[in-house]
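Colleague: I am new to reading models like this one. Please choose one part, take a close look at it with me, and explain each term as you go.

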Amino acid sequence: MNHMISQKIKELRKKRGLTQKELADGICTQAMVSNFEKGEMIPSSLTLYAIAQRLGVDMNYFFDMASTDNASFNSSDAQNIIRKLIHQHDYESAYFIVQNELVQEALLAPEHRQFLLWHKGICQWFLHQQLDTAIQTLEEALHANDKSNIEQEIAIMNSIAVVYFGAKHYEKSLAYYEKCLPLIEEHATISYLVKIRVFFGASRTFQHSKKFTEALFLSKQGIQLCIEHETLYLLGDLLFQTAHCLISMQDKTNAAIYLEQAKTIYSLQNKYDYLKIIEDLKINYLN
C-alpha cells in the first residue's frame, strides 16, 4: 500500500508538470517529497491532504487506488503502513486507513480483521480519549480470530492495559498485565519486541499500584532483553522507569546511575523533552 501511494504521488506530480520542489513548496521539504515517492517515508494525513489538493485530487484517491490494485496490495502492506503511522503517532492517518480496510470487513481474513480492530481501538483512544469505545473495540479484537494467534492476542491485551493506564484505571490495567505475563512465560516464541512492550507497560502499572519490587524486576527484565537483542527499542524508557522505581524505593544512589544511562540513550535519540524531565527529577528528588 505504501508503494502504491508513493507511486501515485510521483505519477500525478509528473502528469501535472511539477518538480519535487514545486510540489513541496509551502507543504514540506523537497527531500521529504523525494522520500515519499521512494516509499521511504509516509506523509502524515495533513501533508497528504495538502499534496492531494495541489495535485487536484481527493485524498481518498490514494487509498482507493491502493485498495483496488490487488496485484500490488495485500494485508501485509496495510499492516506495515499502519504500524509505521502508529509509531509516528500519526493516529489520524492510521485510523483513516483502518476504516478504509474495514469497509469490506466480511471479506477479510480473521487475523487481518483482528489486526485492524486492534489498531482501530488504539486510534479511538489516542485521537479522542474515548475509553469505553476504545475498550469495546479492543475487546472485540481480542476475540475476533478463531484461529488463535497468541502473540497478537498478548499485544492486544497490552494495548488494553495501556489504555486503562492512560485513563488512570490502574487496577484494570494491572489485571490485564497479570494475564499477559504468564502467557509470555508459557510461550517461548513470543517476539522480544512484544515482551519488551509488556515488561515496560507492566512495570509502570505495578509502580502506580505501589508494587515497587515487582515493577523494578519487570523494568530490569526489559533492559536485559534490549541488551540481549542489541536494540534501543524502549531502552531509554526502561532505564528511566527503573530509576523511577528506585526513587520510590528510596535508593537514590542507583537511581542516579540509571538516570544517567537513560540520559545517554535519550541524547542519542534527540529526545530533548525527556532530558529536561531527567534534570528536573535529579534536582527535585536526588539532591
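Modeller: I will start with the whole chain, look closely at one helix, and then visit some other places along the chain.

First, a word on where the values come from. This is a predicted model, in which local features need pLDDT of at least 70 and side-chain atom pairs count only at pLDDT 80 or more, while totals for chains, interfaces and linings use all residues. Residues are numbered from 1 along each chain as its sequence is written, and side-chain values use heavy atoms, with hydrogens and water left out.

Now the overall view. The protein chain has 16 helices and zero strands. Both are DSSP runs numbered from the N terminus: H or I over at least four residues for a helix, E over at least two for a strand. The C-alpha trace spans about 65 × 45 × 35 Å along its principal axes. Of the 287 residues, 47% count as buried, a word that means under 20% relative accessible area, with exposed meaning over 50% and partly exposed anything in between (1.4 Å probe, protein chains only). Among contacts in the chain with a separation of 6 or more, 60% are between residues 24 or more positions apart; contact means heavy atoms within 4.5 Å.

Our close look is at helix α6, residues 75-87. How far apart should the ends of its 13 residues be? At 1.5 Å a residue, they should span 18 Å, and the end C-alpha atoms are indeed 18 Å apart. The expected span is 1.5 Å times one less than the number of residues.

Which residues of α6 are buried? They are Ala78, Gln79, Ile81, Ile82, Leu85 and Ile86. It helps to remember that an α-helix has 3.6 residues a turn, so residues three or four places apart point the same way.

Let us zoom in on two of these. Glutamine 79 sits in helix α6 and counts as buried because its relative accessibility is 14%. Leaving out residues up to four places away in sequence, glutamine 79 touches His112 and Phe115. Isoleucine 81, also placed in α6, has a relative accessible area of 2%, so it is buried. Its C-alpha atom lies 9.9 Å from that of methionine 41, although the two are 40 residues apart along the chain. Just after α6, histidine 89 takes a positive phi of about 65°.

Next, how do helices pack here? Two packed helices are described by the angle between their axes and the distance between the axes. Axes are lines fitted to C-alpha atoms, for helices over the stretch in contact, and angles run from 0 to 180 degrees between N-to-C directions.

Take helix α8 (residues 110-128) and helix α9 (residues 131-142): their axes come within 8 Å and cross at roughly 165°. That makes α8 roughly antiparallel to α9. The rule is that angles under 35 degrees are roughly parallel, over 145 roughly antiparallel, 65 to 115 roughly perpendicular and the rest oblique. The crossing of α8 and α9 is left-handed, that is, the near helix is turned anticlockwise from the far one by less than a right angle; clockwise would be right-handed. The contact includes Leu117, Trp118 and Trp125 of α8 and Leu131, Ala134 and Leu138 of α9. By class, the residues of this contact are nine nonpolar, five polar and three charged. Here Ala, Val, Leu, Ile, Met, Phe, Trp, Tyr, Cys and Pro count as nonpolar, Asp, Glu, Lys and Arg as charged, and the others, Gly among them, as polar.

A second pair is α14 with helix α16 (residues 272-285), packed at an angle of about 15° with axes 12 Å apart. That makes α14 roughly parallel to α16. Their crossing is left-handed. Asp237, Phe240, His244 and Ile247 of α14 meet Tyr274, Ile277, Ile278, Leu281 and Tyr285 of α16. This contact has seven nonpolar, one polar and one charged residues.

Finally, two loop residues. Lysine 168 is in the loop between α10 (150-166) and α11 (170-186), and its 61% relative accessibility makes it exposed. Its phi is near 65°, a positive value in a residue other than glycine. Leucine 234, in the loop between α13 (212-228) and α14 (235-248), also has a positive phi, about 60°, although it is not a glycine.
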